Amino acid sequence: MTLADLVRDSPDKWEVQLRKGCLELAILASLWSGRLYGLEILRRLEADSELVVSEGTVYPLLSRLKALGLLTSEWVESDAGHPRKYYALTPAGRTRALEMRSIWQKFTASLDSLLAPLNQEK
Amino acid sequence: MTLSETSQRTLDAYLATLHKRLRGMPDDDIREIVEEIRSHVMDKASASGIITDAGVTSALSALGSPEELAGQYMTDDLLARAQATGSFWLILRSLFRWASISVAGFFVLIGSLICYCLGFFLAWAAILKPLHPQRAGLWMIPRPGGDVEMSLHLGFASPPATGHEVLGWWIIPIGILGIGLFFATLRVDQWSLGKFRRSLSLGGRS
């Protein structure tokens, strides 16, 4: 890969890293209103945030967030004929989600003012 | 909804490999991961109302290979156990895993290995000094061309024909510092791995 390739690809890579960096917040936010199982979380992320996430990334991340005490899980029988593992926020998870939202809002607000001159460009 | 025989075989083979690659994690965790992935594939493959062989293949392909999927679970499990227990071997295995993922991990591993080896051998030289007072210690050995080689000896081999031991009984307090260096490195690594684990939960792994 040449330096020119790197420069050309960098906006895409930056976007990938940005999306990945937001994933924990996005998952916590998707569970704010109630419990969901893995595929529902994935669909919520895709529908509400355009976060196209690898499924193989989300399940280990859910497991990690559970191990960190931010999520809890329970198996529930379904009409589909197989049990589903539902995730819900713990009190620590709700606190973490609020903290992250606050950091996110502060960050985007400050960046928006920095980007204001760029908005005049077409 | 039920799977065709072909889909059942494909799914079972995937889950069997995943199960095998998760070996080392607690049995309950492995069972839960495997069942969750089975449930996901069934849900994903039946999204259109019926389960097709192509749907199962596509759902498995979207998850990535079972080896990669297991690797992601195993990394976090290893880091969690290393962080919780502070075990030297778990920390070392975690450092190797980190080094295989990022450049920062590689440098942490190299730095840590240097500190562990230095601390370990200084401590052993100090412990063995009373047993081999004439041989154990830090030797300064002249080499042809005017160079001087510094070499830490534990005293099991014959003393070098030329050169002399420079620390004398000072090796004892220095060895105690070596033990301190070893355990300080262990604590720093435990802390660093905690930060690394946190960065993984933030999606830092590429």
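The legends below walk through close-up views of a predicted two-chain model.

Residues count from 1 along each chain as its sequence is written, and chains are lettered from A, with ligands numbered from 1, in the order in which they are written. Because the model is predicted, local features need pLDDT of at least 70 and side-chain atom pairs count only at pLDDT 80 or more, while totals for chains, interfaces and linings use all residues.

**View 1. Chain A has 4 helices and 3 strands.**
Helices (H or I, at least four residues) and strands (E, at least two) are DSSP runs, numbered from the N terminus. Following chain A from that end, you meet the elements in the order α-β-α-α-β-β-α. Of the 122 residues in chain A, 25% are buried; that word applies if 20 or more other C-beta atoms lie within 10 Å of a residue's own, whereas 12 or fewer make it exposed and anything in between partly exposed, with C-beta atoms placed from the backbone. Taking the contacts in chain A between residues at least 6 apart in sequence, 44% join residues at least 24 apart. A contact here means that the C-beta atoms of two residues, placed from the backbone, lie within 7 Å.

**View 2. The open sheet of chain A has 3 strands in the order E1-E3-E2.**
Its pairing is antiparallel, and strands pair if DSSP finds at least two bridges between them. Why do E1 (36–37) and E2 (71–76) of chain A each have one side without a neighbour in the sheet? Both stand at the edges with a single partner strand, so one side of each is left free of a neighbour there. E1(A) is joined to E3(A) by 2 bridges, and A:Tyr37 has A:Tyr86 in E3(A) as its bridge partner. Helix H3(A) lies across E2 and E3 of chain A, at about 120 degrees to E2(A). Such angles run from 0 to 180 degrees between N-to-C directions, using axes fitted to C-alpha atoms, for helices over the stretch in contact.

**View 3. Chains A and B meet through 23 residues from each chain.**
On the chain A side, at least two residues each come from H1 (3–30), H2 (38–49), H3 (55–67) and E3 (84–89). H3(A) gives the most, with 9 residues. By type, this side of chain A holds 10 nonpolar, 7 polar and 6 charged residues. Nonpolar covers Ala, Val, Leu, Ile, Met, Phe, Trp, Tyr, Cys and Pro, charged covers Asp, Glu, Lys and Arg, and the others, Gly among them, are polar.

**View 4. The largest nonpolar core draws on both chains.**
A nonpolar core is a set of buried Ala, Val, Leu, Ile, Met, Phe, Trp, Tyr and Cys residues joined through C-beta atoms within 7 Å. This one has 37 residues, of which A:Ile27, A:Leu62, B:Val41 and B:Val56 touch the most other members. H1, H2, H3 and E3 of chain A each supply at least two residues, as do H1 (5–21), H2 (27–45), H3 (53–63) and H4 (66–85) of chain B. The largest share, 6 residues, comes from H2(B). Leaving out residues up to four places away in sequence, B:Val41 touches B:Leu11, B:Val56, B:Ala59 and B:Leu60. Another core lies apart from it, with 9 residues including B:Ala82, B:Leu95, B:Leu193 and B:Leu200.

**View 5. B:Phe96 sits in helix H5 (residues 88–101) of chain B.**
Is B:Phe96 buried or partly exposed? B:Phe96 counts as partly exposed because it has 13 C-beta neighbours inside 10 Å. From B:Phe96 to B:Ala82 is 14 residues in sequence and 12 Å in space, C-alpha to C-alpha.

**View 6. Chain B has an open sheet of 3 strands in the order E2-E1-E3, with antiparallel pairing.**
The edge strands, E2 and E3 of chain B, each pair on one side only. E1 (residues 137–142) and E2 (residues 148–153) of chain B are joined by 6 bridges, and B:Pro142 is partnered by B:Val148 in E2(B). Their hairpin has 5 residues between the strands, and B:Gly145 in it takes a positive phi near 95 degrees. On the other pairing, 2 bridges link E1(B) to E3 (residues 164–165) of chain B, where B:His164 is the bridge partner of B:Met140.
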